[in-house]
Amino acid sequence: MAGANTPEPRGRVIRRRLVTIPRSILIFLALTALAPILVPGAVIADGVRWIVARKPAMTLRLLGFGFVFFAVELYGLGWLFVSWLRAGLGGGEVRLQNDAWQIQVWWARTLLNTVQRIFRLELAVAGQEVASPGPIMAMFRHASIVDNLLPAVLLTADLGIRLRWVIKRELLMLPSLDVAGKRLPNYFVDREASDPRAELRRIRALSENLGPNDGVLIYPEGTRFTPARQARALQRMRDAGDTLVEAAERLRHVMPPRPGGTLALLDSGADVVVGAHQGLEGFAKVGDLWSGALVGRTVNIALTRIKAVDIPRSRRERARWLYEVWGEIDRWIGRRMDE
C-alpha cells in the first residue's frame, strides 16, 4: 500500500512500548483501585467549587473521562494483540490493516461519544455529505485536544473514507494509536527533523494511489491554536521575511497554516475537503477543561469541498490560496462567535 509509515528502528519502537503500555495499564489499575477514594473526593471538590464559584462538576467529569480513556486504550490494545495473533495464523497484512481500521473507528467514536455525554456537547454538522466519494485531501482546523477525533468519526466512521493521517510523532506515546497507526499508511511527523525535505517526501507518499474510498488528512496549522502560539508563529514569519505575513496577521481565531506538508499533498490532484469548527476554542490542553466552559457547548462543524481544478497550480499561488481558505475559516468562526 502507498504511503509507507514512519521509518523507525525496531529497537526504539520496542523500548517505547515497554514504557507506554505498562504505564497505561498501571494508570488504569490505579484509577480502578483508588475509585472508592477518588470518587467521593471528586464529589466533595466539585461541591465546594459549586458553592464558591458556581462552577460545574469538572473534577468528577475529568476523573470519569480519564477512566474511560485508559479503558479504551487497553481494550484497543487487547483487540490489536488478538488481531496480530490471528494474522500470524494465516490472516496476513491485509487482515492486520482491516482490523486496525475497525479499531481506529471504534476508538475514535467511543471517545467522542464519551466526550459528548460527559461534557454535554452537541455537534451541529453541516456539509458532511460533500466529503464522499474519495479520493480526497482533508484539511482540518486544529484548536483542541478534542478535534483530533472529528475526522475519524465524520469521514471514516460515518462515510467510509479511509484516511491516511499526517500526525505529530509525539502521539506515538499513546500506545493504541502507536500500534494501530503503525499498521496503517499514516505518517508521524518529526517537527524538529534535521532533514525537512525527507519529511515532505514521506508526507507526499501518503497521497499516492488514492482510491474512491481513500483520503489523506492533514492539520495545516501544525499545532493547536492559542493566542500565545499565534503570536510566536507571526514573529517567526516576520523574522524570516515571509511574504505571507500580512495575510497571517489578519487571522484572529486560527494559526497561520504551514504550507509545506499541505502543498506536498496537493500534488495528488484530489479534491480538497476543508473542515472548520467553532466551539472548541480554549481547550488546547487537558488543564484548560478545568474551567468548566466546555460543558453544555454546541460545536459547529462545517465541511466544504473544493474541486481540484479550482486549485492553483504553482507553489506560490497554492500557498496564497491556502491562506485565503484559512482566512475564510477565520471569518466563519468570527461570525459564529458573534451569533
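Reader: How much space lies in the largest cavity of this structure?

Author: The general idea comes before the case. Rolling a probe the size of a water molecule over the atoms shows where empty space is left. In this structure, which is a predicted model, the largest cavity holds about 70 Å³ of space. The structure has 2 cavities of 30 Å³ or more, and the second largest has a volume of about 30 Å³.

Reader: Which residues line the largest cavity?

Author: The lining consists of Gly76, Ile103, Gln104, Trp107, Ser176, Leu177 and Ala180. Two elements, helix 3 and helix 5 (175-183), each give two or more residues to this lining. Helix 3 gives the most, with 4 residues. By class, the lining of the largest cavity has 4 nonpolar residues, 3 polar residues and no charged residues.

Reader: Which residues line the second largest cavity, and how do they divide by class?

Author: Around the second largest cavity stand Leu266, Gly269, Ala270, Ala308, Ile311, Arg313 and Arg318. That lining divides into 4 nonpolar, 1 polar and 2 charged residues.

Reader: I should now like to turn from empty space to packed side chains. How many residues does the largest nonpolar core have?

Author: A nonpolar core is a set of buried nonpolar residues joined through side-chain atoms within 4.5 Å. In this model the largest such core has 44 residues, and Phe119, Phe140 and Leu155 have the most contacts inside it. Its elements with two or more residues are helix 1 (10-33), helix 3 (58-119), strand 2 (136-140), helix 4 (149-159), strand 3 (162-168) and strand 7 (298-306). The largest share, 11 residues, comes from helix 3. A second, separate core has 36 residues, including Ile203, Met237, Ala319 and Tyr323.

Reader: What does leucine 155 touch, leaving aside residues up to four places away in sequence?

Author: Leucine 155 touches Ala131, Ile136, Ala138, Phe140, Leu150, Gly160, Ile161, Leu163 and Leu303. Of these partners, Phe140 is, like Leu155 itself, one of the residues with the most contacts inside the largest core.

Reader: Why is helix 4 described as largely enclosed by the rest of the structure?

Author: The reading rests on a cut-off: a residue counts as buried under 20% relative accessible area. In helix 4, 8 of the 11 residues are buried, so the helix is largely enclosed by the rest of the structure. The buried residues are Leu149, Leu150, Pro151, Ala152, Val153, Leu154, Leu155 and Thr156. Glycine 160 follows helix 4 and has a positive phi, near 75°.

Reader: How many residues of strand 5 are buried, and which way do they point?

Author: Strand 5 (residues 214-218) is mostly covered, with 5 of its 5 residues buried. Asp214, Val216 and Ile218 point one way from the strand, while Gly215 and Leu217 point the other way. Residues on both sides of strand 5 are buried.

Reader: In which sense, parallel or antiparallel, does strand 5 pair with strand 2 and with strand 3?

Author: Strand 2 pairs with strand 5 in the parallel sense over 4 bridges. Strand 3 also pairs with strand 5 in the parallel sense, over 4 bridges. For strand 2, isoleucine 136 stands opposite glycine 215 in strand 5. For strand 3, arginine 162 stands opposite aspartate 214 in strand 5.

Reader: My last topic is the backbone. Which residues are joined by cis peptide bonds?

Author: Most residues other than glycine have a negative phi, and most peptide bonds are trans. Here a cis peptide bond joins serine 132 and proline 133, with omega about 5°. Another cis bond joins glycine 134 and proline 135, with omega about 0°. Proline 133 lies in the loop between strand 1 (122-126) and strand 2, and proline 135 is likewise found in the loop between strand 1 and strand 2.

Reader: Where is arginine 54 placed, and is this residue buried or exposed?

Author: Arginine 54 lies in the loop between helix 2 (35-53) and helix 3. Its phi is positive, about 55°, although arginine 54 is not a glycine. The cut-off for an exposed residue is over 50% relative accessible area. Arginine 54 counts as exposed because its relative accessibility is 53%.

Reader: What is the phi of arginine 120, and where is that residue found?

Author: Arginine 120 has a positive phi, near 55°, and is a residue other than glycine. Arginine 120 is found in the loop between helix 3 and strand 1.

Key: Residues are numbered from 1 along each chain as its sequence is written. This is a predicted model: local features need pLDDT of at least 70, side-chain atom pairs count only at pLDDT 80 or more; totals for chains, interfaces and linings use all residues. Side-chain values use heavy atoms; hydrogens and water are left out. Buried means under 20% relative accessible area, exposed over 50%, partly exposed in between (1.4 Å probe, protein chains only). Contact means heavy atoms within 4.5 Å. On a 1 Å grid over the protein atoms alone, a cavity is a set of points where a 1.4 Å probe fits but cannot get out, and a pocket is an open set with protein on both sides within 12 Å along at least five of seven lines; lining residues have an atom within 4 Å of a point. Grid points are joined across faces, edges and corners, and a volume is the space filled by probe spheres set on the points. Ala, Val, Leu, Ile, Met, Phe, Trp, Tyr, Cys and Pro count as nonpolar, Asp, Glu, Lys and Arg as charged, and the others, Gly among them, as polar. Two strands pair if DSSP finds at least two bridges between them.
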